[in-house]
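Please look through the sequence and the model below before reading on. The text that follows is meant to be read beside them.

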Amino acid sequence: MKSVVSDNILKNKSLYIRGLLFGAIISCLVITILLIITSFVLTQTGNVPTDILNIIIYVLDGIGVFCGSYIALRIIKAGGLAWGIISGFVLFLIIFIAGLISSTETLSASTFFKLLISVICGALGGIIGVNKKKKVKYE
């Protein structure tokens with residue numbers, strides 16, 4: 001006979017995994033869409049300095065991680081800061097591994113700056129996602 005506590009733990013684990021997974025998918029979609037739009041705009045404007053490109057990439061990563069963490073914590077509905085940081089870290093790992101697969105990206109100061117941005121934006125998205133009030137329906 002299973003106890004109520006173990007059933008709740010299993011239910012919560014699946015909720016956390018589902019929230020993080022769905023948030024990661026949303027984050028990757030947001031980043032991809034933003035990168036496509038940005039690349040189109042940059043091809044129309046011409047030559048852009050590398051420093052500005054790096055800043056643009058940091059901003060797009062931050063926006064994507066914020067959106068993914070926000071969605072993840074709207075699903076999880078608890079522990080906004082902690083789960084937001086975890087979500088940001090998971091999304092950083094996905095982006096970093098994709099960078100390792102597609103190029104010769106290595107650990108550098110830029111990598112740690114992306115990690116910092118991901119964790120901060122993930123925490124902010126998590127806090128806002130948990131504390132967002134439901135829409136009030138007037139009847």
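The paragraphs below go from the overall fold to the core, then to the aromatic pairs and the cysteines.

What is shown here is a predicted model. Its secondary structure consists of 4 helices and 0 strands, so that, read from the N terminus on, the order of elements is α-α-α-α. Of the contacts in the protein with a separation of 6 or more, 74% are accounted for by residues 24 or more positions apart. Buried residues make up 29% of the 139 residues, and the accessible surface comes to about 9,300 Å², of which carbon and sulfur atoms hold 73%.

A useful place to enter the interior is the largest nonpolar core, which has 6 residues, namely A24, Y58, V65, L91, I117 and C121. Two elements, helix 2 and helix 4, each give two or more residues to this core. Taking L91 as a point of view within the core, and leaving aside neighbours within four places in sequence, one finds L91 in contact with G23, A24, S27, V65, G68 and S69; among these partners, A24 and V65 are themselves listed as members of the core.

The last of those partners, S69, deserves a paragraph of its own. S69 is found in helix 2, which spans residues 50–76, and S69 counts as buried because its relative accessibility is 0%. Not counting residues up to four places away in sequence, S69 touches G84, S87, G88, L91, G122, G125 and G126, a list in which the contact with L91 appears again from the other side.

The aromatic residues offer another way of following how the helices meet. How many aromatic pairs does the count come to? The count comes to 5 aromatic pairs. In one of them, the rings of Y16 and W83 have centres 4.4 Å apart and planes at 25°, and the pair is therefore stacked. This pair links distant parts of the chain, since Y16 lies in helix 1 (residues 4–45) and W83 in helix 3 (residues 80–102), 67 residues apart. Y16 counts as partly exposed because its relative accessibility is 22%.

Another pair, formed by Y58 and F113, is edge-to-face, with 4.8 Å from centre to centre and 75° between the planes. Here too distant parts of the chain are linked, with Y58 in helix 2 and F113 in helix 4 (residues 109–131), 55 residues apart. Y58, which was met above as a member of the nonpolar core, is buried, with a relative accessible area of 16%, whereas F113, at 40% relative accessibility, counts as partly exposed. Beyond these pairs, F89, F92 and F96 form one aromatic cluster.

The cysteines come last. Why are the sulfur atoms of C67 and C121 not counted as a bond? The closest cysteine sulfur to that of C67 is the one in C121, and the distance of 9.7 Å is too far for a bond; seen from C121, the closest cysteine sulfur is likewise that of C67, at 9.7 Å. A disulfide would need the two sulfur atoms to be within 2.5 Å, and the count accordingly comes to 0 disulfides. The two residues also fall into separate classes of accessibility: C67, at 27%, counts as partly exposed, while C121, at 17%, counts as buried, and C121 is one of the residues of the nonpolar core described earlier.

Note on methods: Residues are numbered from 1 along each chain as its sequence is written. This is a predicted model: local features need pLDDT of at least 70, side-chain atom pairs count only at pLDDT 80 or more; totals for chains, interfaces and linings use all residues. Side-chain values use heavy atoms; hydrogens and water are left out. Buried means under 20% relative accessible area, exposed over 50%, partly exposed in between (1.4 Å probe, protein chains only). Contact means heavy atoms within 4.5 Å. Rings of Phe, Tyr and Trp (its six-membered ring) pair if their centres lie within 6.5 Å; planes under 30 degrees apart count as stacked, over 60 as edge-to-face and the rest as tilted. Accessible areas come from the Shrake-Rupley method with a 1.4 Å probe; for residues, only the protein chains shown count as cover. A nonpolar core is a set of buried Ala, Val, Leu, Ile, Met, Phe, Trp, Tyr and Cys residues joined through side-chain atoms within 4.5 Å.
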